[in-house]
Amino acid sequence: MMQTVTLDVFFDFICPWCLIGQRHLDQALARLRREQPQRQVRVHWQGVQLLPGLAAEGVPFEAFYRERLGSDEAVRQRQAQVRDAASAVGEHIEFARIRRMPNTANAHRLLQRVQALGNRQQADALLMRLFAAYFHEGQDLGDRTTLLAIAQGCGLMHAQVADCLREDARPFMGEQGRAAGGVPCFVVDRRRVVSGAQPADVLFEALCEAQPA
């Protein structure tokens, strides 16, 4: 008998730990398919805008983190930590290419719209393309033209998504609001919470222990 587990993943596109957590989740799901093929996981990505008050055009990336962490050396140390964690899951984050800390409201609205259209393959492809555009290529996810080009590259038509991309920096409000404890945050069947970019084994165990209704 097939069993379905619901997994809500709270995230923001500007958080490298969310990208790392996504890679850990991929590993956990692959293991689950091998070892418990009767258990299906329905993953829903829940956008959380970490910086809802950011200007629509964003702010300079280097200056943002220097102010946030206090010094250039602190920024270098934090980025080295993130790069090491990303490398462990096969990711290479190109901090040197990132010029803007973007307002992610429209990126979240775009993914939410594509999820609502019901094509899971397109939604999954868009999620990964947005992560790659920011962390690999340094593209500005707050730029409407950039977002439209990414959407079209994932097979979406302009008319399907253009109206959800605002130019007024209005904050994004997700379906279930902000995730407690920050992002990434994994909620299994709306009961068990796994916070942070936990190893794949931790996510695998949480999914195995879920008791679908």
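**Close-up legends for a predicted model**

Arg31 is partly exposed, with 25% of its area accessible in relative terms (buried is under 20% relative accessible area, exposed is over 50% and partly exposed lies in between, with a 1.4 Å probe and protein chains only). The model shown here is predicted, so local features need a pLDDT of at least 70 and side-chain atom pairs count only at pLDDT 80 or more, while totals for chains, interfaces and linings use all residues. Residues are numbered from 1 along each chain as its sequence is written, and side-chain values use heavy atoms, with hydrogens and water left out.

**View 1. Arg31 and Glu35 pair up by a salt bridge.** The closest N and O atoms of Arg31 and Glu35 are 3.1 Å apart (a salt bridge is a side-chain nitrogen of Lys or Arg within 4 Å of a carboxyl oxygen of Asp or Glu). Both residues belong to helix α1 (residues 16-35), where a spacing of four residues separates them by about one helical turn. Helices (H or I, at least four residues) and strands (E, at least two) are DSSP runs, numbered from the N terminus. An α-helix has 3.6 residues a turn, so residues three or four places apart point the same way. Glu35 is partly exposed too, at 46% relative accessibility.

**View 2. Glu73 and Arg76 make a salt bridge in helix α3.** Here the closest N and O atoms are 2.9 Å apart. The two residues stand three apart in α3 (residues 72-87), again about one helical turn. Glu73 is partly exposed, with a relative accessible area of 38%.

**View 3. Asp168 meets Arg170 side chain to side chain.** Their salt bridge spans 3.3 Å, N to O. Asp168 is partly exposed at 42% relative accessibility, and Arg170 is likewise partly exposed at 43%. Elsewhere, Arg23, Asp26 and Glu91 are joined into one network by salt bridges that share partners. The count for the model comes to 12 salt bridges.

**View 4. His24 sits buried in helix α1.** The relative accessible area of His24 is 11%, which makes this residue buried. Its side chain reaches the backbone oxygen of Gln198 at 2.8 Å (a polar contact is a pair of N or O atoms within 3.5 Å; within protein, one must be able to donate a hydrogen and the other to accept it, and residues adjacent in sequence count only if both atoms are side-chain atoms). Leaving aside residues up to four places away in sequence, His24 touches Val89, Ala197, Gln198, Pro199, Ala200 and Leu203 (contact means heavy atoms within 4.5 Å).

**View 5. Helix α6 (residues 144-153) has a buried set of residues.** These are Thr146, Leu147, Leu148, Ile150 and Ala151. Their cover includes α4 (105-117), α5 (120-135) and α7 (158-161). At the N-terminal end of α6, Asp143 acts as the cap, with a side-chain oxygen 3.3 Å from the backbone nitrogen of Thr145. Just after the helix, look for Gly155, which takes a positive phi of about 90°.

**View 6. The largest pocket holds about 560 Å³ of space.** On a 1 Å grid over the protein atoms alone, a pocket is an open set of points with protein on both sides within 12 Å along at least five of seven lines, a cavity is a set where a 1.4 Å probe fits but cannot get out, and lining residues have an atom within 4 Å of a point. Grid points are joined across faces, edges and corners, and a volume is the space filled by probe spheres set on the points. Of the 24 lining residues, Val41, Val43, Trp45, Arg120 and Asp124 lie nearest the centre of this pocket. Strand β2 (39-47) gives the most to the lining, with seven residues. The lining has 11 nonpolar, seven polar and six charged residues (Ala, Val, Leu, Ile, Met, Phe, Trp, Tyr, Cys and Pro count as nonpolar, Asp, Glu, Lys and Arg as charged, and the others, Gly among them, as polar).

**View 7. The second largest pocket has a volume of about 400 Å³.** Ile14, Pro16, Tyr65, Arg68 and Arg78 lie nearest its centre, among 21 lining residues. Helix α2 (61-69) gives the most to this lining, with five residues. By class, the lining divides into 17 nonpolar, one polar and three charged residues.

**View 8. The largest cavity has a volume of about 70 Å³.** Twelve residues line this cavity, and Trp45, Gly47, Gln112, Gln115 and Phe172 are the closest to its centre. Both β2 and α4 supply at least two lining residues each. The lining has four nonpolar, seven polar and one charged residue.
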